[in-house]
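I am opening a notebook on this structure. The entries below record what I looked up, in the order I went.

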Amino acid sequence: MIRAVDPEDWGRGTLGQCVDVLLYEDANLVSKLHIAIDLMLEDFDMTQGVRAATLALTHSPDQRHELSFLVKKHPTLMDDEWFQEVFAAVNESGDLSLY
């Protein structure tokens, strides 16, 4: 579903937000997003991999712990400018919201 949404179509009132709301219904979402991140980064799809990682963070009950896990498992995420900003925001406040 993440790949079906254009990277530019994520934000308040967009198709991306609609997908994000649907994702909240899955109690095992974060673990499934970890699989999606693996697949996207293996396909060298950094844009969508970063999007999946960002969603994993926003859906995680402990965003700082999740951030630490993601950076250790996928250090290449830190090469992305968007993810660097996400990293800083989570480290600063401990809570990231996309909307």
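Entry 1, burial. I count a residue as buried when its relative accessible area is under 20%, and as exposed when that area is over 50%, with partly exposed in between. The model I am reading is predicted.

Entry 2, Thr54. I looked up where Thr54 sits and found it in helix α3. Is Thr54 buried or exposed? Its relative accessible area is 0%, under the 20% limit, so I put Thr54 down as buried. I then checked its side chain: a polar atom there lies 2.8 Å from the backbone oxygen of Val50. Leaving out residues up to four places away in sequence, I listed Trp82, Phe83, Val86, Leu96 and Leu98 as what Thr54 touches.

Entry 3, α3 and α5. Several of those names made me look at the helix pair. Which residues of α3 meet α5? I noted Val50, Arg51, Ala53, Thr54 and Leu57 on the α3 side, and Trp82, Phe83, Val86 and Val90 on the α5 side. The two axes come within 10 Å and cross at roughly 15°. An angle under 35 degrees counts as roughly parallel, so α3 is roughly parallel to α5. I recorded the crossing of α3 and α5 as left-handed.

Entry 4, the core. I turned to the largest nonpolar core, which has 24 residues. Within this core, Ile2, Leu33, Ile37, Leu57, Leu77 and Phe83 touch the most other members. The elements giving two or more residues to the core are α1, α2 (29–42), α3 (46–59), α4 (63–73) and α5 (81–93). I followed Ile2 further. Beyond its neighbours within four places in sequence, Ile2 is in contact with Trp10, Leu33, Met40, Gln48, Arg51, Ala52 and Leu55.

Entry 5, Arg3. I looked up Arg3 and found it in the segment before α1 (15–23). How much of Arg3 is accessible? Its relative accessible area is 43%, which falls between the 20% and 50% limits, so I entered Arg3 as partly exposed. Setting aside residues up to four places away in sequence, Arg3 touches Leu39, Met40, Asp43, Asp45 and Gln48. With Asp43 I found a polar contact of 3.3 Å between the two side chains. For Gln48, I looked at the C-alpha atoms: those of Arg3 and Gln48 are separated by 6.6 Å, though the two residues are 45 apart along the chain. Gln48 was also on my list for Ile2, and so was Met40.

Key
Residues are numbered from 1 along each chain as its sequence is written. This is a predicted model: local features need pLDDT of at least 70, side-chain atom pairs count only at pLDDT 80 or more; totals for chains, interfaces and linings use all residues. Side-chain values use heavy atoms; hydrogens and water are left out. Helices (H or I, at least four residues) and strands (E, at least two) are DSSP runs, numbered from the N terminus. Buried means under 20% relative accessible area, exposed over 50%, partly exposed in between (1.4 Å probe, protein chains only). Contact means heavy atoms within 4.5 Å. A polar contact is a pair of N or O atoms within 3.5 Å; within protein, one must be able to donate a hydrogen and the other to accept it, and residues adjacent in sequence count only if both atoms are side-chain atoms. A nonpolar core is a set of buried Ala, Val, Leu, Ile, Met, Phe, Trp, Tyr and Cys residues joined through side-chain atoms within 4.5 Å. Axes are lines fitted to C-alpha atoms, for helices over the stretch in contact, and angles run from 0 to 180 degrees between N-to-C directions. Angles under 35 degrees count as roughly parallel, over 145 as roughly antiparallel, 65 to 115 as roughly perpendicular and the rest as oblique. A crossing is left-handed if the near helix is turned anticlockwise from the far one by less than a right angle, and right-handed if clockwise.
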